[in-house]
Amino acid sequence: MTGLNSPYGLAFGPAGALYIADFNNDRVVEVPVRGGRRTVPVAGPHTPAGLAVPPGREGY
């Protein structure tokens with residue numbers, strides 16, 4: 001995977017998607033089970049360092 005700058009935290013959602021806290025890019029990246037990736041819309045992350053995916057909140 002390219003484009004990550006200091007990935008700092010990881011979490012798996014209930015359906016298996018991987019979420020990455022991309023610390024120096026100020027974003028959270030979702031890597032779905034079936035491939036691809038996208039930036040997750042979240043409110044104002046600034047250097048995210050940890051993640052938790054609540055049940056039922058996967059697949060934005």
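## Pairing and the central strands

Two strands count as paired here if DSSP finds at least two bridges between them. With that in hand, take β2 and β3 in this predicted model: β2 covers residues 18-22, β3 covers residues 27-31, and 5 bridges join the two in an antiparallel run.

Some of the facing residues are easy to pick out. Leucine 18 sits opposite valine 31 of β3, tyrosine 19 faces glutamate 30 of β3, and alanine 21 has valine 28 of β3 across from it.

## The overall layout

Now step back to the whole chain. There are 4 strands and 0 helices, so reading from the N terminus you simply get β-β-β-β. The 4 strands make an open sheet, ordered β1-β2-β3-β4, with antiparallel pairing. Its edges are β1 (7-12) and β4 (38-39), each of which pairs on one side only.

As for the chain totals, 27% of the 60 residues are buried. The accessible surface is about 3800 Å², and carbon and sulfur atoms hold 55% of that. Looking at contacts with a separation of 6 or more, 32% are between residues 24 or more positions apart.

## From β1 into β2

What joins β1 to β2? The answer is 5 bridges, with the two strands running antiparallel. Leucine 10 and isoleucine 20 of β2 stand opposite each other in this pairing.

The two strands form a hairpin that leaves 5 residues between β1 and β2. Glycine 16 is in that turn, and its phi is positive, at about 100 degrees. On the β2 side, 4 of the 5 residues are buried, making the strand mostly covered.

## The turn between β2 and β3

β2 and β3 make a hairpin too, this one with 4 residues between the strands. Aspartate 26 lies in the loop between β2 and β3, and its phi is positive at about 55 degrees even though aspartate 26 is not a glycine.

Is aspartate 26 buried or exposed? Neither label quite works: its relative accessibility is 32%, and because buried means under 20% and exposed over 50%, aspartate 26 ends up as partly exposed.

## Aspartate 22 and its salt bridge

Aspartate 22 belongs to strand β2. Its relative accessible area is 0%, so aspartate 22 counts as buried. Leaving aside residues up to four places away in sequence, aspartate 22 touches Gly3, Leu4, Asn5, Ser6, Pro7, Arg27, Val29 and Pro48.

Which residue does aspartate 22 form a salt bridge with? The partner is arginine 27, and the closest N and O atoms are 2.7 Å apart. The count of salt bridges for the model comes to 1. The aspartate in this pair is buried, at a relative accessible area of 0%, and Arg27 is buried too, as one of the residues of β3.

## β3 and its two sides

How many of the residues in β3 are buried? It's 5 of 5, which puts β3 down as mostly covered. Arg27, Val29 and Val31 point one way from the strand, while Val28 and Glu30 point the other way. Both sets are buried.

Put that together with the β2 pairing and a few residues come up again. Val28 is the residue across from alanine 21, and Glu30 is the one across from tyrosine 19. From the other set, Val31 faces leucine 18, Arg27 carries the salt bridge to aspartate 22, and Val29 is among the residues that aspartate 22 touches.

## Out to the edge at β4

β3 also pairs with β4, in the antiparallel sense, over 2 bridges. Valine 29 has threonine 39 of β4 as its bridge partner. These strands form a hairpin as well, with 6 residues between β3 and β4. Glycine 35 is in the turn, with a positive phi of about 100 degrees.

## Just ahead of β1

One more backbone detail is worth a look. Serine 6 is in the segment before β1, and its phi is near 65 degrees, which is a positive value in a residue other than glycine. Serine 6 is partly exposed, at 34% relative accessibility. Ser6 has already come up once: it's one of the residues that aspartate 22 touches.

Conventions: Residues numbered from 1 in each chain as written. Predicted model: local features only at pLDDT ≥ 70, side-chain atom pairs only at ≥ 80, totals over all residues. Heavy atoms only, no water. Buried < 20%, exposed > 50% of the residue type's maximum accessible area, 1.4 Å probe, protein only. Contact = heavy atoms within 4.5 Å. Areas by Shrake-Rupley, 256 points an atom, 1.4 Å probe, with all protein chains shown as cover. Salt bridge = Lys/Arg side-chain N within 4 Å of Asp/Glu carboxyl O.
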